[in-house]
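Dear colleague,

I am passing a structure on to you with this email, and below it you will find notes on what turned up when I went through it. Please read them with the structure open beside you.

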Amino acid sequence: MTEHAPLLENPDRNLALELVRATEAAAIRATPFIGHGDKNGADGAAVDAMRKFLGTVNFSGTVVIGEGEKDEAPMLFNGEVVGNSRGPACDIAVDPIDGTSLTAAGRRNAISMIAAADRGSMLDASTVFYMEKLVAGADLVGVVDIRLPIGENLRAIAATRGKRVSELQVAVLDRPRHADLVRDIRAAGAGTRLLLDGDVAGGIDAASMEGLFDLCVGTGGSPEGVATACAIKALGGVIQTRLAPQSDEERQRGLDAGLKFDHVYEADELVTSDNTFFVATGVTDGNLVSGVRRRGHIIRTESIVLRSHSGTIRRVIADHLAERWLDDSL
């Protein structure tokens with residue numbers, strides 16, 4: 001008890017409980033676009049809602065990693081300052097919808113998410129859009145290594161968890177670039193869960209002891225990697241990444257920005273602060289959180305709220321009056 005007394009005697013404000021209002025707003029505003037094939041419309045509505053609600057939060061947040069640059073979608077842009085400037089200075093990584101294509105198609109696992117940490121603590125990898133990632137649970141720290149062949153990692157996981165390799169489930173984004181990786185996973189004897197999009201949710205699932213996945217691997221967005229690191233620092237799992245430039249020009253931009261290539265970035269390099277926040281609200285149903293649901297005059301959202309400093313994981317279910325958010329055409 002005495003070890004935790006300072007936190008109990010002087011509890012500080014949990015910024016994530018304010019940020020969750022912004023992810024809830026973004027998820028709700030995206031609801032009319034679910035299944036209608038308009039991913040930019042969904043993203044634009046979510047961005048507008050998130051920006052508006054972030055403006056009411058007691059903090060000065062600088063967008064270190066925004067979304068949208070790689071596909072010219074609407075965005076909260078890098079360098080944008082949000083909040084009312086009456087609180088702590090923070091870096092933030094945002095994705096009003098992680099899974100715009102999922103939302104447009106009406107598929108599972110789209111979320112709205114924000115990650116935050118002390119100002120100057122997030123790796124600014126905005127000049128390189130993709131990174132190779134490996135994410136796993138706390139019991140696998142020191143067991144898995146992104147530098148090892150995938151089969152070796154899978155055998156180490158199986159031995160640590162007392163499973164057969166054939167019982168392991170590995171999350172991988174369903175992309176042509178992962179054809180060899182998927183073949184190697186299956187050749188080792190493990191099963192794959194191919195994600196159409198949304199490797200943030202996949203990584204958090206793999207880091208959670210209650211998750212479906214034993215491992216999440218593959219190449220995905222750099223913004224998502226840094227945001228996932230904020231969550232992993234709260235969950236106590238392992239994340240390792242390597243930058244994956246798609247051209248010589250992109251690599252040179254990264255070098256000019258001071259980024260390191262052929263280098264493994266782990267959680268404490270991706271986010272140097274030990275005070276990280278991660279919030280996500282479901283847009284569509286998924287393994288991590290349920291999607292937005294309307295029942296008569298009520299809209300229900302489910303969110304996950306993580307904080308590394310306190311080691312707290314919260315699930316927030318909120319009911320919202322539909323008349324305050326959406327018109328009657330839904």
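Helices (H or I, at least four residues) and strands (E, at least two) are here DSSP runs, numbered from the N terminus. This is a predicted model, in which local features need pLDDT of at least 70 and side-chain atom pairs count only at pLDDT 80 or more, while totals for chains, interfaces and linings use all residues. Residues are numbered from 1 along each chain as its sequence is written, and side-chain values use heavy atoms, with hydrogens and water left out.

To begin with the whole, the protein has 10 helices and 14 strands. Its radius of gyration (taken over C-alpha atoms) is 19 Å, close to the 20 Å that the globule rule (2.2 Å times the number of residues to the power 0.38) gives for 330 residues, so the protein is as compact as a globular protein of that length. Of the 330 residues, 55% count as buried, where buried means under 20% relative accessible area, exposed over 50% and partly exposed in between, with a 1.4 Å probe and protein chains only.

Strand β3 (residues 89–98) contains D91, a residue that is buried, with a relative accessible area of 1%. A polar atom of the D91 side chain lies 3.0 Å from the backbone nitrogen of S121. If neighbours within four places in sequence are set aside, the residues in contact with D91 (heavy atoms within 4.5 Å) include T62, V64, D118, R119, S121 and M122.

M122 also appears in the largest nonpolar core, a core being a set of buried Ala, Val, Leu, Ile, Met, Phe, Trp, Tyr and Cys residues joined through side-chain atoms within 4.5 Å. Among the 45 residues of this core, M122, L243, L270, V271 and F278 touch the most other members, and helix α8 (residues 222–235) gives the most to it, with eight residues. L270, not counting residues up to four places away in sequence, touches S121 and M122, among others including G225, V226 and A229. A second, separate core has 37 residues, including A16, C90, L102 and W325.

Finally, please look at helix α7 (residues 199–207), where nine of the nine residues are buried, so the helix is largely enclosed by the rest of the structure. Among these buried residues are D199 and D205, along with V200 and I204.

With best wishes

Technical notes. A polar contact is a pair of N or O atoms within 3.5 Å; within protein, one must be able to donate a hydrogen and the other to accept it, and residues adjacent in sequence count only if both atoms are side-chain atoms.
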